[in-house]
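Trainee: I would like to take a close look at a single part of this model rather than skim over everything. Could you pick a spot and walk me through it, starting from the overall setting?

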Amino acid sequence: MSTAVKERKEELIHELNNLGVSLTSDGRKLTEVSLYTLEWTFITELNKVTKAYGDKS
């Protein structure tokens, strides 16, 4: 695995943990999935947060 991929995965895991996410939607640990799955999970969680924030306005 390249250094850039490893760094991006670590960054996404950190950001997801900050959002309170420790598992993917199918129950896998964040450390066990591909970069693609982490990116998709992060986008999904950001959409949830954005929608929740927008509903409060």
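Mentor: Happy to. Let us begin with how the chain holds together: of the contacts between residues at least 6 apart in sequence, 48% join residues at least 24 apart. Keep in mind that this is a predicted model. Its secondary structure comes to two helices and zero strands, and the C-alpha trace spans about 45 × 20 × 15 Å along its principal axes. Of the 57 residues in the chain, 23% are buried.

The spot I would pick is the largest pocket, which holds about 170 Å³ of space. It has 13 lining residues, and those nearest its centre are Thr24, Ser25, Asp26, Trp40 and Thr41. By residue type, the lining divides into four nonpolar, five polar and four charged.

Let us start from Thr24, one of the residues nearest the pocket centre. Thr24 sits in the loop between α1 and α2, the latter covering residues 35-56. Is Thr24 buried or exposed? Its relative accessibility is 7%, and because the cut-off for buried is under 20%, Thr24 counts as buried. Leaving out residues up to four places away in sequence, Thr24 touches Leu30, Val33, Thr37 and Thr41. Of these partners, Thr41 is also among the residues nearest the centre of the pocket.

Now set Trp40 beside it. Trp40 belongs to helix α2, and in sequence it stands 16 residues from Thr24, with 9.5 Å between their C-alpha atoms. While Thr24 is buried, Trp40 has a relative accessible area of 54% and is therefore exposed. So the residues nearest the pocket centre include a buried one from the loop and an exposed one from α2.

Next, follow the contact from Thr24 to Thr37. Thr37 lies in helix α2 and, at a relative accessible area of 18%, is buried. Besides Thr24, Thr37 touches Arg28, again not counting residues up to four places away in sequence. Arg28 is in the loop between α1 and α2, so both of these Thr37 partners come from that loop. Arg28 is partly exposed, its relative accessible area being 35%. With the same sequence neighbours left out, Arg28 touches Ser22, Leu23 and Val33 as well as Thr37. Val33 therefore appears in the contact lists of both Thr24 and Arg28.

Thr37 also gives us a way over to helix α1: Thr37 and Lys9 are 28 residues apart in sequence, with a C-alpha to C-alpha distance of 9.8 Å. Lys9 is one of the buried residues of α1, together with Leu12, Ile13 and Leu16. Viewed down the helix axis, these buried residues fall within an arc of 100 degrees, so they line one face of α1. A general point helps here: an α-helix has 3.6 residues a turn, so residues three or four places apart point the same way. On the face turned away from the buried side, α1 carries the exposed residues Thr3, Ala4 and Asn18.

As for its dimensions, α1 runs over residues 3-18, and its 16 residues reach 23 Å from first C-alpha to last, close to the expected 22 Å. Just after α1, Gly20 takes a positive phi of about 85 degrees. From there, stepping along the loop between α1 and α2 brings you back to Thr24, beside the centre of the pocket where we began.

Terms used
Residues are numbered from 1 along each chain as its sequence is written. This is a predicted model: local features need pLDDT of at least 70, side-chain atom pairs count only at pLDDT 80 or more; totals for chains, interfaces and linings use all residues. Side-chain values use heavy atoms; hydrogens and water are left out. Helices (H or I, at least four residues) and strands (E, at least two) are DSSP runs, numbered from the N terminus. The expected span of a helix is 1.5 Å times one less than its number of residues. Buried means under 20% relative accessible area, exposed over 50%, partly exposed in between (1.4 Å probe, protein chains only). The arc is that of the directions from the helix axis to the C-beta atoms. On a 1 Å grid over the protein atoms alone, a cavity is a set of points where a 1.4 Å probe fits but cannot get out, and a pocket is an open set with protein on both sides within 12 Å along at least five of seven lines; lining residues have an atom within 4 Å of a point. Grid points are joined across faces, edges and corners, and a volume is the space filled by probe spheres set on the points. Ala, Val, Leu, Ile, Met, Phe, Trp, Tyr, Cys and Pro count as nonpolar, Asp, Glu, Lys and Arg as charged, and the others, Gly among them, as polar. Contact means heavy atoms within 4.5 Å.
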